[in-house]
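Trainee: I would like to learn how to read a model of a single chain, feature by feature. Where should we begin?

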Amino acid sequence: AQKVVVVDPGHGGRDLGAVIGKYFEKDIVLSIAKKLHEKLSEKSDMRPSLTRSSDEFVTLTDRLIHADKIGGKTFISIHADKSKKKMKGIVLYVYGNNPSIPKGPPRRYGEKSFPPPPRSQINNSLLLAQRLQKILRGHQFEVVDYIDRGGFAVLKSPHIPSVLVEVGNIRDEDMVAHLRDPIYQDNLAQALSEGISSFLD
């Protein structure tokens with residue numbers, strides 16, 4: 001049976017995400033997410049699904065409901081940050097309490113909010129994050145040497161291993177050049193798709 005992989009490009013529509021000059025996080029991550037979707041589609045045992053495939057606004061809760069409805073086996077949320085710290089490298093997050101991270105966008109009126117996920121889901125998410133970290137390094141990507149924790153809404157699925165990937169700091173001009181380069185995006189998507197496959201095997 002095909003394994004459903006949910007690929008979640010952060011932000012979209014009126015939610016621009018991080019903005020530096022004329023570059024918007026929402027555009028960069030959509031481009032990477034589409035390439036990841038393409039790579040996963042080439043694998044006969046995978047069925048990837050995007051939470052958004054165009055520049056549209058999708059609530060955080062709707063992203064999780066979509067993943068659940070289609071029977072997702074993993075949930076990968078793709079973001080970029082604009083940290084003031086001279087942070088180098090890709091950062092992988094699993095759900096956890098991290099007071100140093102600003103709370104995400106406010107829930108819309110009437111939008112359902114999920115409770116924190118059970119310990120078993122967090123443990124599986126950690127295994128997925130470690131696998132991604134290892135394979136990204138194997139592809140010569142710079143990755144920080146820890147797995148971070150964050151109370152992000154998209155990591156709250158009750159049972160789908162979920163990881164948020166911060167692909168780079170867009171305050172860093174070199175990084176922006178990388179993140180906008182189709183070849184770099186392609187290599188990044190390839191490494192992520194191998195990490196996901198390796199975890200699901």
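Mentor: Begin with one contact. The side chain of R52 reaches the backbone oxygen of H11 at 2.7 Å. The model is predicted, and that distance is computed from it.

Trainee: Which other backbone oxygen does the side chain of R52 reach?

Mentor: That of P9, at 3.1 Å. R52 itself is found in the loop between β4 (46-50) and α2 (60-69). Leaving aside neighbours within four places in sequence, its contacts include G10, G12, K26, V29, L30, V58 and R63.

Trainee: Which side chain of opposite charge is nearest to R52?

Mentor: D55, at 4.4 Å. The cut-off for a salt bridge is 4 Å between a side-chain nitrogen of Lys or Arg and a carboxyl oxygen of Asp or Glu. R52 is buried yet has no salt bridge.

Trainee: With what does D55 form a salt bridge?

Mentor: With K26, at 2.9 Å, N to O. K26 lies in helix α1 (residues 25-41) and D55 in the loop between β4 and α2, so the pair ties together parts that are 29 residues apart in sequence. K26 counts as buried at 6% relative accessibility, while D55 counts as partly exposed at 43%.

Trainee: How many salt bridges are there by this rule?

Mentor: The count comes to 5. One of them joins the side chains of D201 and K3 at 3.9 Å. D201 lies in the segment after α5 and K3 in strand β1, so this pair ties together parts 198 residues apart in sequence. D201 is exposed, with a relative accessible area of 69%, and K3 is partly exposed at 22%. Another salt bridge joins D8 and R63 at 2.7 Å. D8 lies in strand β1 and R63 in helix α2, so that pair ties together parts 55 residues apart in sequence.

Trainee: Are D8 and R63 buried or exposed?

Mentor: Both are buried. R63 is also in contact with R52.

Trainee: How should I read the sign of phi?

Mentor: Most residues other than glycine have a negative phi. Exceptions are worth listing. H11 has a positive phi of about 65° although it is not a glycine. Q140 has a positive phi too, near 70°.

Trainee: Where do H11 and Q140 lie?

Mentor: H11 is found in the loop between β1 (3-9) and β2 (19-20), and Q140 in the loop between α3 (119-138) and β7 (148-150). H11 is buried, with a relative accessible area of 17%, whereas Q140 counts as exposed at 70%.

Trainee: What is the general idea behind a nonpolar core?

Mentor: In soluble globular proteins, nonpolar side chains tend to be buried together. Here the largest nonpolar core has 38 residues, and those with the most contacts inside it are L36, I78, L92, L136 and L188. Helix α5 (residues 182-200) gives the most to this core, with 7 residues. Not counting residues up to four places away in sequence, L188 touches I32, I90, L136, F141 and V167.

Trainee: How many residues does the other core have?

Mentor: That core has 17 residues, among them V4, L64, Y93 and Y95, and lies apart from the largest core.

Trainee: How do I read contacts between two helices?

Mentor: Take a residue from each and compare their partners. L179 lies in helix α4 (residues 173-179) and is buried, with a relative accessible area of 0%. Beyond four places in sequence, its partners include I28, I32, V167, Y184 and Q185. Q185 is in helix α5 and counts as buried at 4% relative accessibility. The contacts of Q185 include I28, S31, I32, K35 and L179.

Trainee: What is the pattern of the whole chain along the sequence?

Mentor: The pattern is β-β-β-α-β-α-β-β-α-β-β-α-α, and the secondary structure comes to 5 helices and 8 strands. Of the 201 residues, 52% count as buried. Among contacts with a separation of 6 or more, residues 24 or more positions apart account for 81%.

Trainee: What does the radius of gyration add?

Mentor: A compact globule of 201 residues would have a radius of gyration near 17 Å; the chain has 15 Å, which agrees. The C-alpha trace spans about 40 × 40 × 30 Å along its principal axes.

Definitions and conventions:
Residues numbered from 1 in each chain as written. Predicted model: local features only at pLDDT ≥ 70, side-chain atom pairs only at ≥ 80, totals over all residues. Heavy atoms only, no water. Core = buried A, V, L, I, M, F, W, Y, C linked by side-chain atoms within 4.5 Å. Buried < 20%, exposed > 50% of the residue type's maximum accessible area, 1.4 Å probe, protein only. Helix = DSSP H or I, 4+ residues; strand = E, 2+ residues; numbered from the N terminus. Contact = heavy atoms within 4.5 Å. Lys, Arg positive; Asp, Glu negative; His and termini not counted. Polar contact = N/O pair within 3.5 Å; in protein donor to acceptor, adjacent residues only side chain to side chain. Rg over C-alpha atoms; globule rule 2.2 N^0.38 Å.
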